[in-house]
Amino acid sequence: MEVLMFIFIFISLTQHGDAHGPEGCNHEGGLCRVGNCISGEYLAQYCFEPIILCCKSLSPTTTKS
């Protein structure tokens, strides 16, 4: 029964209208985190609202060309 509740909660979270999903977060340079962003990051959006956050680094990352 606990497995069914977990599946139901996961499906409910993925169907939420304000969540952008992990693909959008990763594409924009963020990481999905449960609970809180770590030090040096800020909340950019939600992967699965309101539990899984999309956190981005405060300092811009540089890429070599």
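A salt bridge is a side-chain nitrogen of Lys or Arg within 4 Å of a carboxyl oxygen of Asp or Glu. By that rule, the whole structure, a predicted model, holds one salt bridge.

**View 1. Overview of the chain: two helices and three strands.** Along the sequence the elements follow the pattern α-α-β-β-β. The chain has 65 residues, and 22% of them count as buried. Among contacts with a separation of 6 or more, 35% link residues 24 or more positions apart.

**View 2. The open sheet, with strand order E1-E3-E2.** Three strands make up this sheet, and their pairing is antiparallel. Strand E1 (31–34) and strand E2 (41–48) stand at the edges. Each has a single partner strand, so one side of each lacks a neighbour in the sheet. Neighbouring strands are turned by 40° against each other on average, direction ignored.

**View 3. The hairpin of E2 and E3.** Three residues lie between the two strands. E3 spans residues 52–57 and pairs with E2 in the antiparallel sense over six bridges. Phenylalanine 48 stands opposite isoleucine 52 of E3. Tyrosine 42 has lysine 56 of E3 as its bridge partner. In a regular strand the side chains alternate between the two faces of the sheet.

**View 4. The pairing of E1 with E3.** These strands run antiparallel and are joined by four bridges. One pair to find here is arginine 33 and its bridge partner in E3, leucine 53. Arginine 33 is partly exposed, with a relative accessible area of 23%.

**View 5. The salt bridge between arginine 33 and glutamate 41.** The closest N and O atoms are 2.8 Å apart. The two side chains are also joined by a polar contact of 2.8 Å. Glutamate 41 sits in strand E2. How accessible is each partner? Arginine 33 has a relative accessible area of 23% and is partly exposed. Glutamate 41 is at 17% and counts as buried. The cut-off matters here: buried means under 20%, so glutamate 41 qualifies and arginine 33 does not.

**View 6. The surroundings of glutamate 41.** Neighbours within four places in sequence are left aside in this view. Glutamate 41 is then in contact with Leu31, Arg33, Cys55, Lys56, Ser57 and Leu58. Arg33 is the salt-bridge partner of glutamate 41. Lys56 belongs to strand E3 and has its own view next.

**View 7. Lysine 56, a buried residue with no salt bridge.** This lysine is found in strand E3. Which side chain of opposite charge is nearest to lysine 56? It is glutamate 28, 4.2 Å away. A salt bridge needs a nitrogen within 4 Å of a carboxyl oxygen, so this pair does not count as one. Glutamate 28 still offers its backbone: the backbone oxygen lies 3.4 Å from a polar atom of the lysine 56 side chain.

**View 8. The contacts of lysine 56.** Again, neighbours within four places in sequence are left aside. The contacts of lysine 56 are Glu28, Gly29, Gly30, Gly40, Glu41, Tyr42 and Ala44. Tyrosine 42 is also the residue whose bridge partner is lysine 56. Glutamate 41 is also the residue that forms a salt bridge with arginine 33.

Conventions:
Residues numbered from 1 in each chain as written. Predicted model: local features only at pLDDT ≥ 70, side-chain atom pairs only at ≥ 80, totals over all residues. Heavy atoms only, no water. Pairing = 2+ DSSP bridges. Axes fitted to C-alpha atoms, helices over the stretch in contact; angles between N-to-C directions. Buried < 20%, exposed > 50% of the residue type's maximum accessible area, 1.4 Å probe, protein only. Lys, Arg positive; Asp, Glu negative; His and termini not counted. Polar contact = N/O pair within 3.5 Å; in protein donor to acceptor, adjacent residues only side chain to side chain. Contact = heavy atoms within 4.5 Å.
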